[in-house]
Amino acid sequence: MDGVEHNTRTIEGSVVTDFTDRMSYGGYLELDTLLSAQHPLSDPEHPDELLFIVQHQTTELWLKLVLHELGAACAYLRADQLAPALKCIARVKHIQKTLTEQWSVLATLTPAEYAQFRGVLGNASGFQSAQYRAVEFTLGNKNAAMLKVFEGDPATHALVSAALTAPSLYDEFLRMLARSGYAIPEAVLDRDVTKAWEFTPELVPVLTAIYEDPQANWAAYETCEELVDLEDNFQFWRFRHLKTVERIIGFKTGTGGSSGVPFLQRALSLTFFPELFSVRTEIRDSPHRETP
């Protein structure tokens with residue numbers, strides 16, 4: 001076959017192979033740094049500790065990109081540029097699906113295997129993920145009490161604090177709607193954005209009108225549904241997290257001191273955009289029409 005001899009592909013002459021003074025793949029990605037950042041602590045080293053470390057490091061890399069995209073989406077909404085904001089949200093949705101599927105890899109870790117190196121974690125826990133907390137805050141689940149977890153690290157404290165004090169994605173969307181002529185309640189526009197979003201019944205009629213006439217309100221309608229997708233995906237992630245923890249450690253307490261599964265179970269009751277779910281109850285059914 002052309003270009004193949006003895007099941008070996010011939011390297012094309014135009015392929016660059018000398019990187020003495022050129023940028024290489026590994027150099028661009030700083031793979032020396034990235035691939036040397038895994039330091040199992042078990043002694044002797046347990047073969048599955050690398051899985052545990054890589055799982056959580058890759059999650060943090062994806063969370064970094066999620067924060068980047070959500071920050072860009074908020075900036076676009078502030079500038080009334082809805083189309084690029086929706087592109088950012090679409091990318092986040094794909095990342096969320098990847099993060100959720102990642103739990104299936106960690107779920108291959110059996111209880112007996114994890115028990116052999118769990119002790120080396122000390123009090124290290126995903127509860128202490130500054131990026132995860134910043135994502136939650138950016139989506140509206142804010143809790144100033146969480147800042148104390150990061151007081152010992154100025155950089156992560158600043159990251160989470162900035163997410164706490166900035167308007168959430170939902171805040172920015174609703175402000176954009178107000179600038180577009182929708183009757184968003186003043187209490188929503190003037191609210192303290194450092195507080196967790198709480199269900200606002202006065203907002204439901206505005207959203208109901210959007211949903212009952214999607215053709216006349218297509219941009220707002222589409223964005224509402226994109227936000228619902230974000231929340232759905234986040235809840236799927238939380239649920240898979242809970243079930244993976246339950247599968248591996250049962251109902252043991254968490255390494256960070258939480259109650260473990262019950263603590264994660266309570267997170268499933270948290271919501272980002274409650275009015276977008278409440279509106280579904282309010283939408284009037286169209287009158288039945290006989291088929292001619």
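The legends below describe close-up views of a predicted model.

**View 1. A nonpolar surface patch that includes L29.**
M23, Y25, Y28 and L29 together make a nonpolar patch of about 540 Å² on the surface of the predicted model. L29 belongs to helix α1, which spans residues 25-29. L29 counts as partly exposed because its relative accessibility is 37%, a value between the limits of 20% for buried and 50% for exposed.

**View 2. The second largest pocket and its lining.**
The volume of the second largest pocket is about 290 Å³. Its lining is formed by L34, Q57, T58, L61, W62, K64 and L65. Helix α3, residues 49-78, is the main contributor to this lining, giving 6 residues. Sorted by class, the lining of the second largest pocket comprises 4 nonpolar, 2 polar and 1 charged residues.

**View 3. The largest cavity.**
A single cavity reaches the threshold, the count being 1 cavity of 30 Å³ or more. The largest cavity holds about 130 Å³ of space. It is lined by 13 residues, of which L63, Q96, L99, V135 and F234 are the closest to its centre. Four helices, α3, α4 (82-106), α6 and α11, each provide at least two residues of the lining of the largest cavity. Helix α3 has the largest share of that lining, with 4 residues. In terms of residue class, the lining of the largest cavity consists of 11 nonpolar and 2 polar residues, with no charged residue.

**View 4. The salt bridge between E136 and R238.**
Side chains of opposite charge can pair when their charged atoms come close. The structure contains 11 salt bridges. One of them joins E136 to R238, with 2.7 Å between the closest N and O atoms. This pair connects distant parts of the chain, since E136 lies in helix α6 (residues 130-139) and R238 in helix α11 (residues 218-249), at a separation of 102 residues. E136 counts as buried because its relative accessibility is 5%. R238 likewise counts as buried, because its relative accessibility is 4%; the limit for a buried residue is under 20%.

**View 5. The salt bridge between R284 and E212.**
R284 and E212 form a salt bridge in which the closest N and O atoms are 2.7 Å apart. Distant parts of the chain are again linked: R284 is in the segment after α13 (274-282), E212 is in helix α10 (residues 204-212), and the two are 72 residues apart. R284 counts as exposed because its relative accessible area is 64%. E212, by contrast, is partly exposed, because its relative accessibility is 29%.

**View 6. The salt bridge between E246 and K243 in helix α11.**
A salt bridge joins the side chains of E246 and K243, with an N to O distance of 2.7 Å. The two residues are separated by about one helical turn, because they lie 3 residues apart in helix α11. Which accessibility class applies to E246? E246 counts as partly exposed because its relative accessibility is 24%. K243 also counts as partly exposed, because its relative accessibility is 37%. In addition to this pair, K93, E226 and D229 are joined into one network by salt bridges that share partners.

**View 7. S286 and P287 in the segment after α13.**
S286 is located in the segment after α13. S286 is exposed because its relative accessible area is 65%. How far apart are S286 and E212 in space, C-alpha to C-alpha? The distance between S286 and E212 is 9.5 Å, C-alpha to C-alpha, although they are 74 residues apart in sequence. P287 also lies in the segment after α13. P287 counts as exposed because its relative accessibility is 62%. From P287 to A37 the C-alpha to C-alpha distance is 62 Å, and the two residues are 250 residues apart in sequence.

Terms used. Residues numbered from 1 in each chain as written. Predicted model: local features only at pLDDT ≥ 70, side-chain atom pairs only at ≥ 80, totals over all residues. Heavy atoms only, no water. Patch = residues over 30% accessible without salt bridge, like charges linked within 9 Å, V, L, I, M, F, W, Y side chains within 5 Å. Areas by Shrake-Rupley, 256 points an atom, 1.4 Å probe, with all protein chains shown as cover. Salt bridge = Lys/Arg side-chain N within 4 Å of Asp/Glu carboxyl O. Buried < 20%, exposed > 50% of the residue type's maximum accessible area, 1.4 Å probe, protein only. 1 Å grid on protein atoms, 1.4 Å probe; cavity = no way out; pocket = protein on both sides within 12 Å on 5 of 7 lines; lining within 4 Å. Points joined across faces, edges and corners; volume = space filled by probe spheres on them. Nonpolar A, V, L, I, M, F, W, Y, C, P; charged D, E, K, R; others polar.
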